[in-house]
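Welcome! Please take a moment with the sequence and the 3D view below, and then we can walk through a few parts of it together.

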Amino acid sequence: MPRSLTWKLTFAFLLVAATVSILPIASVRLLNPSQFNTLVVSQLREDFRSLLADYYQAHGTWAGLEEYLRPRSAETFPAPQTPSAAATPSSHSEGGSVPAGRNPHDWRSQFSLADAEGVVVLSADPEVPAGNRLSANALAEGEPILVDGAAVGTILTAPRPPNLSPQESRYLERLNVALLLAGSGAFLIALGMGVWLARTLTRPLQALKAAAHRMAEGDLDQQVQSNSRDEIGELAAAFNKMSRAVSQSNRARRKLAADVAHELRTPLTVISGYIESLRDGVLAPSPKRLSVIYDEIELLQLLVEDLRILSEADAGELEVIRQPVDPADLLRQACAAFEQQALQKNVVLEVDVPAPVPPIGLDETRMAQVLANLIGNALRHTPPGGRITLGTREDAKEVLLTVGDTGNGISAEDLPHIFDRFYRADDGGASGLGLAIARALVAAHGGMLEAESAPGEGTRMRIRLPRRPNP
């Protein structure tokens with residue numbers, strides 16, 4: 001058996017085509033001659049019975065039948081006549097003619113005749129010669145000859161195929177040729193369709209295989225063209241989607257590595273420069289210089305912690321300890337934590353809760369970290385005299401926490417990327433991981449973090465949390 005899928009499909013179609021073509025032809029070829037012979041015998045028997053009935057009605061006896069049936073012509077045969085009306089045809093004279101192309105010897109070689117007493121008058125079976133008396137069982141297998149309602153004899157069919165006329169033989173030959181041509185045509189059509197369908201099915205699979213090999217060699221961005229809408233087309237579409245996702249993930253991984261290296265380079269450069277200067281005696285140790293080194297170390301520790309949180313979130317291992325939390329109290333605590341910074345920037349920081357919201361199951365520490373990030377971003381981008389408003393409301397399915405400001409807003413180009421890791425729309429001192437971590441923490445609660453903003457119109461961050469029973 002060939003291993004190629006194309007050859008396997010082609011071979012399967014060949015097998016099906018051969019089966020579908022050969023079985024019907026073989027069945028017709030085997031059954032048709034038998035049925036055709038049965039039809040011929042039936043017609044012969046009916047002609048012979050009619051001729052015998054005419055003969056008996058004309059003569060009143062079977063005497064002289066042997067001489068009467070002796071073949072004189074292969075085309076016609078005289079109708080039986082009574083001795084007193086030799087020149088006048090009987091009422092059945094029209095039926096006394098032998099059909100064209102049929103020799104009377106066909107009847108004598110195919111049928112036997114027994115009289116009313118069961119004595120064989122004509123014999124087509126060498127084992128039962130004329131003059132023998134047949135049993136009742138043997139007579140029951142024959143066909144009675146009726147004249148004026150009375151049985152005057154019985155026709156018995158010999159157990160041998162009939163002698164076919166030239167026309168009948170040619171008919172069977174033409175039928176066999178037609179069956180052969182039809183079977184061959186069906187086989188060739190099925191073969192052509194099998195090859196075409198096999199190639200149609202395997203062509204996109206071969207393209208998928210080649211694309212998979214290229215991905216294994218490192219070229220991850222592969223797209224396979226497929227115009228079909230069946231399962232093969234769906235497979236190609238799924239492969240293309242997977243390839244895009246893998247390629248994007250690989251680019252994100254490379255970008256993450258580059259961004260992490262960049263974020264680490266600055267504090268490490270500062271620390272390395274100070275340590276080297278202190279070692280070489282270029283700078284003298286002082287509390288201020290040591291404080292700078294310590295601040296850079298803290299920055300490194302914060303960056304490492306942020307990366308650890310994101311790694312746990314990506315692996316689905318971020319631990320969330322839920323407990324009943326009043327959303328309004330959570331917002332008030334977050335507001336209190338940034339109240340002093342807001343006063344220093346001359347920004348109004350307020351909590352607006354028009355209606356009480358029942359407690360929901362939250363990890364208070366994690367959600368406070370999210371709010372701290374959002375409020376810190378809002379303070380950085382809200383000019384003096386601006387306002388930052390924290391709010392909450394609920395509906396039948398979710399609880400909504402909002403942080404809105406009247407700051408500079410976010411451009412349409414930057415807005416889709418603000419949750420990307422290490423993405424910074426400005427040159428602020430943030431690492432670019434804060435919003436990515438906030439989104440991961442909200443997602444760990446089963447919620448979503450969304451942003452709505454426009455330049456000059458401020459920014460509104462929405463935390464959508466599903467309403468769940470308190471733990």
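Leaving aside its neighbours within four places in sequence, which residues is Arg366 in contact with? They are Ile309, Leu318, Glu319, Leu441 and His445. Please keep in mind that this is a predicted model.

**Around Arg366**

Arg366 sits in helix α10, which covers residues 364-381. Is Arg366 buried or exposed? Its relative accessible area is 16%, and buried means under 20%, so Arg366 counts as buried. One of its contacts, Leu441, lies 75 residues away along the chain, yet the C-alpha atoms of Arg366 and Leu441 are separated by 6.6 Å.

**Two helices with buried residues**

Two of the contacts of Arg366 lead us on to other helices. Leu441 is among the buried residues of helix α11, and Ile309 is among those of α7. The table sets the two helices side by side.

| Helix | Buried residues | Cover includes |
|---|---|---|
| α11 (residues 434-444) | Leu435, Ala436, Ile437, Ala438, Ala440, Leu441 and Val442 | α7 (287-314), α10, β10 (448-453) and β11 (459-466) |
| α7 (287-314) | Ile293, Glu296, Leu300, Leu303, Asp306, Ile309 and Leu310 | α6, α10 and α11 |

So what covers the buried residues of α11 includes α7, and what covers those of α7 includes α11.

How far does α7 reach from its first C-alpha to its last? With 28 residues, α7 spans 40 Å, close to the 40 Å expected at 1.5 Å a residue. A glycine with positive phi follows each helix: Gly316 comes after α7, with phi near 70°, while Gly446, just after α11, has a phi of about 85°.

**A pocket**

Now for some empty space. The second largest pocket has a volume of about 290 Å³. It is lined by 13 residues, and the closest to its centre are Ala252, Lys255, Leu256, Asp420 and Arg421. Which helix gives the largest share of this lining? That is α6 (residues 231-280), with six residues. By type, the lining of the second largest pocket divides into five nonpolar, two polar and six charged residues.

**The whole protein**

Stepping back, the protein has 11 helices and 11 strands. Of its 471 residues, 34% count as buried. The protein exposes about 27600 Å², with carbon and sulfur atoms supplying 57% of that area. Among contacts between residues at least 6 apart in sequence, 65% join residues at least 24 apart; Arg366 and Leu441, 75 residues apart, are in contact too.

Key:
Residues numbered from 1 in each chain as written. Predicted model: local features only at pLDDT ≥ 70, side-chain atom pairs only at ≥ 80, totals over all residues. Heavy atoms only, no water. 1 Å grid on protein atoms, 1.4 Å probe; cavity = no way out; pocket = protein on both sides within 12 Å on 5 of 7 lines; lining within 4 Å. Points joined across faces, edges and corners; volume = space filled by probe spheres on them. Helix = DSSP H or I, 4+ residues; strand = E, 2+ residues; numbered from the N terminus. Nonpolar A, V, L, I, M, F, W, Y, C, P; charged D, E, K, R; others polar. Buried < 20%, exposed > 50% of the residue type's maximum accessible area, 1.4 Å probe, protein only. Contact = heavy atoms within 4.5 Å. Areas by Shrake-Rupley, 256 points an atom, 1.4 Å probe, with all protein chains shown as cover. Expected span 1.5 Å × (residues − 1).
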